[in-house]
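User: I have a model open and want to learn how to read it. Can we go through its features step by step?

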Amino acid sequence: MYARSRGYATRAGLVPEHRVAYRGFMASQQGDRVPIDPQSIEAPLSAFAVFLVVTIAEGDDAAATAKAVVSDVESLVRAVGIRDLDGQLSCIVGIGSTAWGRFGVAVAPSQLHPLTAVEGRVHTAVSTPGDLLFHIRAQRSDLCFELERLLLGKLGRSVAVVDEVQGFRYFDTRDLLGFVDGTENPTGRGMAAASLIGQEDPDFAGGSYVVVQKYLHDLDAWNALATSTQEHIVGRTKADNLELDSAPGSHKELTTITDADGTEHDILRDNMPFGRPGSGEFGTYFIGYAGDLSVIERMLERMFVGEPPGSYDRILDFSTAVTGSAYFVPSLPMLESLAGN
Ligand code: HEM
């Protein structure tokens with residue numbers, strides 16, 4: 001399942017083939033401009049991930065330390081990742097709107113703002129604190145652990161951890177509800193087009209927006225449903241992972257965003273299951289990248305309020321969003337240049 005791709009070697013290690021194509025696409029998008037390397041948003045589905053959300057302590061010193069550490073995060077990734085290149089360690093840094101302001105950059109990406117809570121009739125997509133998001137992925141949990149350990153050591157007292165989730169890949173990329181998750185993700189050129197900011201906000205091209213939400217499942221209640229009912233809620237068959245011909249009000253339908261002219265808007269997701277059976281905790285960590293933050297906001301609106309209002313996503317009757325936050329993911333050169341501000 002985790003096929004190794006060929007690629008070329010750099011100081012940072014092996015750059016897999018899919019990434020070469022992705023960068024080529026970004027370069028062609030930039031025309032004559034210097035090609036912009038995104039962070040490793042397109043890294044392949046990994047066996048493990050850590051989602052770490054922190055807030056930055058008060059004061060200029062804390063902001064300066066946090067900025068210095070995030071701008072140099074790639075050197076930590078190199079230091080740990082070189083110990084097993086097949087482990088494909090990567091780390092994406094997302095920066096929240098308040099933190100961006102504190103980092104001393106005069107302009108902000110046009111859509112960067114805290115996640116707006118969405119209150120539906122029955123369920124709410126909460127908005128919770130978060131200045132920095134670290135999305136760490138690898139094929140080995142020890143690589144994720146080691147990077148997180150070193151990262152937090154460098155950040156020291158400049159940050160407080162508000163959430164930390166260790167995700168794992170569950171069988172054939174299923175979530176804990178038992179459905180294959182991630183099938184309709186865009187691939188190839190579609191992936192860059194969906195996940196990266198383009199020339200509509202040229203100063204931030206090659207960057208992205210990311211939204212995370214931690215969902216806790218009531219698995220007993222979910223598993224008490226007939227499989228056919230679960231399938232109508234998700235919009236796909238459970239065993240074979242096939243799209244249902246008709247599934248009005250399903251998760252699939254509510255998260256499909258189509259303009260009046262028929263244009264469909266995708267996002268790039270890398271959800272991960274997490275849990276502690278001994279404590280009765282079973283969850284899905286939702287993570288979605290988009291070049292246009294409003295696409296994810298429209299999905300949340302349709303899931304929580306419903307379309308038409310009231311016909312909300314029934315996944316939410318069994319899954320509670322206990323966190324929610326939004327970040328800007330600068331391109332790699334922009335992230336590295338933050339230290340100079
Ligand atoms: C409890 C949380 C969630 C679970 C368990 C979940 C699970 C799934 C599953 C099983 C699919 C079908 C297979 C696939 O294409 O991936 C799916 C599709 C999708 N989900 Fe979710 N999801 C969750 C939350 C969200 C949220 C919060 C969003 C967006 C804000 C979202 C956006 C999407 C999109 C865009 C698709 C693809 C729709 C299509 O084009 O067919 N999901 N999700």
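Analyst: Start with helix length. The expected span of a helix is 1.5 Å times one less than its number of residues. This is a predicted model, and H10 is a good place to try the rule. H10 has twelve residues, so it should span 16 Å. Its end C-alpha atoms are 17 Å apart, which agrees.

User: What span should helix H2 have, and how far apart are its end C-alpha atoms?

Analyst: H2 covers residues 60-71. Twelve residues at 1.5 Å a residue should span 16 Å, and the ends are 16 Å apart, so the two agree.

User: Which residues of H10 are buried?

Analyst: Burial is a count of neighbours. A residue is buried if 20 or more other C-beta atoms lie within 10 Å of its own. In H10 that holds for Leu293, Ile296, Glu297, Met299, Leu300, Arg302, Met303 and Phe304. Methionine 299 has 22 such neighbours, so it counts as buried. Just after H10, glycine 306 takes a positive phi of about 100 degrees.

User: And which residues of H2 are buried?

Analyst: Ala62, Ala66, Lys67, Val69, Val70 and Ser71.

User: What surrounds the ligand, by class?

Analyst: Read a shell by class, by nearest members and by source. The shell has twelve nonpolar, nine polar and six charged residues. Of the 27 residues around the ligand, Phe179, Glu184, Thr255, Met299 and Ser319 come nearest. Strand S9, helix H9, strand S14 and helix H10 each supply at least two shell residues. H10 gives the largest share, four residues.

User: What does methionine 299 touch beyond its sequence neighbours?

Analyst: Set aside residues up to four places away, and methionine 299 touches Thr255 and Ile257. Thr255 is also among the residues that come nearest the ligand. Methionine 299 and histidine 251 are 48 residues apart in sequence, yet their C-alpha atoms are 9.7 Å apart.

User: How do I read a strand? Is S4 enclosed or open to the outside?

Analyst: Check burial on both faces. Six of the six residues of S4 (residues 90-95) are buried, so the strand is largely enclosed by the rest of the structure. Ser90, Ile92 and Gly94 point one way, and Cys91, Val93 and Ile95 point the other way.

User: Which strand does S4 join, and in what direction?

Analyst: Six bridges join S4 to S7 (residues 132-138), and the two run antiparallel. For a landmark, serine 90 stands opposite arginine 137 in S7.

User: Where is the nonpolar core centred on contacts? Which members touch the most others?

Analyst: In soluble globular proteins, nonpolar side chains tend to be buried together. Here the largest nonpolar core has 85 residues, and Val93, Leu132, Leu147 and Val210 touch the most other members. Strand S3 (residues 48-56) supplies the largest share of this core, eight residues. Valine 93 touches Gln39, Val70, Val73, Leu132, Phe134, Val329 and Leu335, leaving out residues up to four places away in sequence.

User: Gln39 is on that list. Is glutamine 39 buried or exposed?

Analyst: Count again. Glutamine 39 has 25 C-beta neighbours inside 10 Å, so it counts as buried. Glutamine 39 is found in the loop between helix H1 and S3. Beyond four places in sequence, its contacts are Ile92, Val93, Val329, Ser331, Leu332 and Leu335. Glutamine 39 and valine 329 are 290 residues apart in sequence but 7.6 Å apart in space, C-alpha to C-alpha.

Notes:
Residues numbered from 1 in each chain as written. Predicted model: local features only at pLDDT ≥ 70, side-chain atom pairs only at ≥ 80, totals over all residues. Near = placed C-beta within 6 Å. Nonpolar A, V, L, I, M, F, W, Y, C, P; charged D, E, K, R; others polar. Buried ≥ 20, exposed ≤ 12 C-beta atoms within 10 Å, placed from the backbone. Pairing = 2+ DSSP bridges. Core = buried A, V, L, I, M, F, W, Y, C linked by C-beta atoms within 7 Å. Contact = placed C-beta atoms within 7 Å.
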